[in-house]
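Here is a short set of exercises, each followed by a worked solution. Keep the sequence and the 3D view open while you try them.

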Amino acid sequence: MRHVIDKRVPAHPVPVIRIRGLTKAYGHGDATVHALRGPSDPETGAPRGVSLDIEQGDFVAVMGSSGSGKSTLMNILGCLDVPTAGRYLLDGTDVGHLDEQQLALVRNRKIGFVFQSFNLVPRTTALAQVELPLAYAGVRTAERRRRAMAALSLVGLAERAGHKPNELSGGQQQRVAVARALVTAPAMLLADEPTGNLDSRSTEEVLALIDGLNATGRTVVLITHEDEVARHAKRVLRLVDGQIVSDLRQAPVEGPPPFLDAAYTELAAGPAGAAGVAGAEVPA
Ligand SMILES: Nc1ncnc2c1ncn2[C@@H]1O[C@H](COP(=O)(O)OP(=O)(O)O)[C@@H](O)[C@H]1O
Ligand SMILES: [Mg+2]
């Protein structure tokens, strides 16, 4: 009998996110709030925790009403908080085994954060904002500048590099925040209500950018309570009382997100976008 060695790469590489039996409880005794609990054990009623895999290249929207556990989940996925129980593997690394310093490194290298409130530094140019995570990572000045400019081009803001937050529209500020999140070439982009403070035009602008980033291979996890925003994702999770109650696939992981719309095409074809949204390399 002949033995054939299968040299193909596995069909499913390590998921970016793998969580198993994850719970988060606040408070003690009767006052305990199970912010993340998953299904209950049928015998004891104890929380079994949330389990979930997110593949590389996926675009996942996490939905749920206020208090359902979205931010708790986001904070754990972003290594900003630790679970009460359960395991979390980020890009194959069990983050439960890391100390505070190692977690800070993981946050800097593997995760790009985008927040509802932009969190830009006042009176600081777009270029300097985007250079900041590279400064923390110890990248030298010239290289920092080069990568930050590449990230700003990627979001279509190269010619606004010298502008401060108060000289930019809300949508442009959020795009600077996206460039800052991407400049370290993270394994995933985590966005908590990134369009929550934007008008409808800027919302389209930022969603088009996120669509384009996902189309060029970046994994995106986006928290939102708006159906209009969730329509952009390939997969939609719904949380109720700390439990995933539905998990809907809207588009395959491979291939473009479902809503590569006219606004995206416009942005990608625009003056800065030509080298920008669609075709540019990940700043490495
Ligand atoms: N630091 C905290 N201390 C006590 N309870 C908290 C804390 N953070 C969140 N919670 C509770 O956990 C639940 C989930 O909260 P959260 O994750 O912020 O929900 P969402 O982001 O979906 O609005 C809520 O009942 C909330 O009151
Ligand atoms: Mg929240």
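**Exercise 1. The shell around ligand 1**

Which strand and which helix each supply at least two residues of the shell around ligand 1?

Solution. Before starting, note that this is a predicted model, in which local features need pLDDT of at least 70 and side-chain atom pairs count only at pLDDT 80 or more, while totals for chains, interfaces and linings use all residues. Residues are numbered from 1 along each chain as its sequence is written, and chains are lettered from A and ligands numbered from 1 in the order in which they are written.

Step 1. List the shell: ligand 1 is surrounded by Tyr26, Gly27, Val33, Ala35, Gly64, Ser66, Gly67, Ser68, Gly69, Lys70, Ser71 and Thr72. A residue is near a molecule if its C-beta atom, placed from the backbone, lies within 6 Å of it.

Step 2. Assign the elements. Helices (H or I, at least four residues) and strands (E, at least two) are DSSP runs, numbered from the N terminus. The answer is strand E2 (33-36) and H1, each with at least two residues of the shell. H1 gives the most, with three residues.

Step 3. Sort by type. The shell divides into three nonpolar, eight polar and one charged residue. Here Ala, Val, Leu, Ile, Met, Phe, Trp, Tyr, Cys and Pro count as nonpolar, Asp, Glu, Lys and Arg as charged, and the others, Gly among them, as polar.

**Exercise 2. Serine 66 and helix H1**

Find out whether serine 66 is buried or exposed, then do the same for the residues of H1.

Solution. Step 1. Locate serine 66 in the loop between strand E4 (59-63) and helix H1 (70-77).

Step 2. Apply the cut-offs: a residue is buried if 20 or more other C-beta atoms lie within 10 Å of its own, exposed if 12 or fewer, and partly exposed in between, with C-beta atoms placed from the backbone. Serine 66 has 7 other C-beta atoms within 10 Å, so serine 66 is exposed.

Step 3. Look along the chain. Leucine 239 is 173 residues away from serine 66 in sequence, yet their C-alpha atoms are separated by 10.0 Å.

Step 4. Turn to H1, whose buried residues are Lys70, Thr72, Leu73, Met74, Ile76 and Leu77. Because six of its eight residues are buried, H1 is largely enclosed by the rest of the structure. Just after H1, cysteine 79 takes a positive phi of about 60°.

**Exercise 3. The partners of strand E1**

Which strands pair with E1 in the antiparallel sense?

Solution. Step 1. Use the rule that two strands pair if DSSP finds at least two bridges between them.

Step 2. Go through the partners. E1 (residues 17-26) pairs with E3 (residues 50-54) over four bridges, and isoleucine 17 has isoleucine 54 as its bridge partner in E3. E1 also pairs with E5 (residues 85-90) over five bridges, where threonine 23 stands opposite alanine 85. With E2, E1 shares three bridges; lysine 24 has leucine 36 as its partner there.

Step 3. Check the turn. E1 and E2 form a hairpin with six residues between them, and glycine 27 in the turn has a positive phi of about 80°.

**Exercise 4. The six-stranded sheet**

Trace the open sheet of six strands and find what packs on it.

Solution. Step 1. Read the order as E7-E8-E9-E4-E10-E11, with mixed pairing. The edge strands, E7 (111-115) and E11 (243-249), each pair on one side only. From one strand to the next, the twist averages 15°.

Step 2. Take one pair: E8 (residues 188-192) and E9 (residues 219-223) run in the parallel sense over five bridges. Aspartate 192 stands opposite isoleucine 223 in E9.

Step 3. Add the helices. H1 lies across E4, E8, E9 and strand E10 (235-240), running at about 150° to E8. Helix H6 (residues 200-215) packs on the sheet, touching E4, E8 and E9, and its direction makes about 150° with that of E9. Contact requires C-beta atoms, placed from the backbone, within 7 Å. Axes are lines fitted to C-alpha atoms, for helices over the stretch in contact, and angles run from 0 to 180 degrees between N-to-C directions.

Terms used: Contact = placed C-beta atoms within 7 Å.
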